[in-house]
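Student: Walk me through this model, please. Start with the terms, then the details.

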Amino acid sequence: MTLAVTPPADSRLSAIAADLAAHGWSWQPNLLPDDLTAALRAELQALDARQDLEAAGIGREAAFQRDGSVRRTGIAWLDGSSPAQQAFLDWAEPIRQSLNRALMIGLFEFEACFAVYPEGGFYDRHLDSFEGARNRVMSLVVYLNEDWQDDQGGELVVWPERAGKADSPAARLLPLGGGAAFMLSETIPHAVEVTHARRYAIAAWWRVNPSGDRHVDPIS
Ligand code: OGA
Ligand code: MN
């Protein structure tokens with residue numbers, strides 16, 4: 001199977017950059033091409049059926065924990081080893097370049113993982129990166145669901161930049177197939193509401209190049 005990779009149109013790329021500059025997040029319905037969404041969904045459902053997904057943890061290394069009260073997700077890292085995975089990585093690359101040109105943020109390394117939430121799954125409010133740690137700078141979540149209905153829940157809840165716990169969310173986004181959410185990893189709190197159907201996504205992050213720093217920070 002070959003998948004032709006059509007990068008997002010320039011108008012979409014500039015809308016993403018403008019949203020990120022204005023308020024730190026952007027929701028883009030139907031950003032991923034339908035055939036790529038379908039191919040990635042088929043691959044993730046096959047992994048899911050073979051129970052080839054690991055339990056997701058929270059935080060890195062020593063802080064890594066599996067806490068069912070916060071998150072109950074099956075994940076598998078993308079390594080480009082299938083045509084669909086490679087097409088997804090190829091699709092993401094012009095987005096990286098465009099955001100770097102528009103926002104001068106030096107996005108460098110990309111990591112992505114498939115994520116399945118079972119019915120009843122959720123993810124409490126969190127940041128994807130601690131401010132200043134510079135490990136993850138830009139988050140991208142792409143949804144692979146087919147015909148998601150309003151009453152199936154599983155919304156991505158996004159708060160304004162650096163919002164406090166008492167602040168109202170900026171948006172509640174249904175995980176519609178092909179939709180993509182971009183968030184500044186260090187400053188946009190977000191959560192996943194309880195899902196009432198099996199929920200399929202790719203969660204991905206760009207890091208800045210750590211090699212200018214005093215230490216080497218290999219991908220882990
Ligand atoms: C994450 C995350 C959001 C989503 O994996 O860190 O916030 O909508 N995912 O799946
Ligand atoms: Mn997150």
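Tutor: A polar contact is a pair of N or O atoms within 3.5 Å; within protein, one must be able to donate a hydrogen and the other to accept it, and residues adjacent in sequence count only if both atoms are side-chain atoms. This is a predicted model: local features need pLDDT of at least 70, side-chain atom pairs count only at pLDDT 80 or more, and totals for chains, interfaces and linings use all residues. Residues are numbered from 1 along each chain as its sequence is written, chains are lettered from A and ligands numbered from 1 in the order in which they are written, and side-chain values use heavy atoms, with hydrogens and water left out.

Student: What does the side chain of arginine 96 reach?

Tutor: The backbone oxygen of leucine 107, at 2.8 Å. Arginine 96 sits in helix H3. Helices (H or I, at least four residues) and strands (E, at least two) are DSSP runs, numbered from the N terminus.

Student: Is arginine 96 buried or exposed?

Tutor: Buried, because its relative accessible area is 17%. The cut-offs: buried is under 20% relative accessible area, exposed is over 50%, and partly exposed is in between (1.4 Å probe, protein chains only).

Student: Which residues does arginine 96 touch, not counting those up to four places away in sequence?

Tutor: Leu107, Phe108 and Trp206. Contact means heavy atoms within 4.5 Å.

Student: Stay on H3. What should its 21 residues span?

Tutor: At 1.5 Å a residue, 30 Å. The end C-alpha atoms of H3 are 30 Å apart, so the two agree. The expected span is 1.5 Å times one less than the number of residues in the helix.

Student: Which residues of H3 are buried?

Tutor: Among them are Ala84, Phe88, Trp91, Ile95 and Leu99, along with polar ones such as Gln85, Ser98 and Asn100. Their cover includes H1, H2, E4, E6, E9 and E11. Just after H3, methionine 104 has a positive phi of about 50°.

Student: And H2, what covers its buried residues?

Tutor: Strand E3 (74-77), H3, E4, E6 and E11 are included in that cover. The buried residues of H2 include Leu36, Leu40, Arg41, Glu43 and Leu47. H2 has 16 residues and reaches 22 Å between its first and last C-alpha, close to the 22 Å expected. Glutamine 51, just after H2, takes a positive phi of about 55°.

Student: On to the largest nonpolar core. Which of its 37 residues touch the most other members?

Tutor: Leu40, Phe88, Trp91, Phe114, Leu140, Leu144 and Phe182. H3 gives the most to this core, with 7 residues. A nonpolar core is a set of buried Ala, Val, Leu, Ile, Met, Phe, Trp, Tyr and Cys residues joined through side-chain atoms within 4.5 Å.

Student: What is leucine 40 in contact with, leaving aside neighbours within four places in sequence?

Tutor: Leu32, Ala84, Gln85, Phe88, Phe114, Leu144 and Ile202. There is also a second, separate core of 12 residues, including Trp27, Val141, Val158 and Ile188.

Student: New topic. How many residues surround ligand 1, and which are closest?

Tutor: 13 residues surround ligand 1, and His126, Asp128, Tyr143, His190 and Arg199 are the closest. Near means a heavy atom within 4 Å. E11 gives the most to this shell, with 3 residues.

Student: Which side chain has an N or O atom 2.5 Å from an oxygen atom of ligand 1?

Tutor: That of tyrosine 143. Polar side-chain atoms of two histidines also lie by ligand oxygens: histidine 126 at 3.2 Å and histidine 190 at 3.0 Å. The protein covers 97% of the 290 Å² of accessible area that ligand 1 has on its own. Areas come from the Shrake-Rupley method with a 1.4 Å probe; for residues, only the protein chains shown count as cover.

Student: Where is threonine 187?

Tutor: In the loop between E9 and E10. Threonine 187 is buried, with a relative accessible area of 6%. Its side chain makes a polar contact of 3.1 Å with the side chain of glutamate 161. The C-alpha atoms of threonine 187 and histidine 126 are 9.8 Å apart, with their positions 61 residues apart along the chain.

Student: Last one. How many helices and strands in the protein chain?

Tutor: 3 helices and 11 strands. Buried residues make up 49% of the 220 residues.
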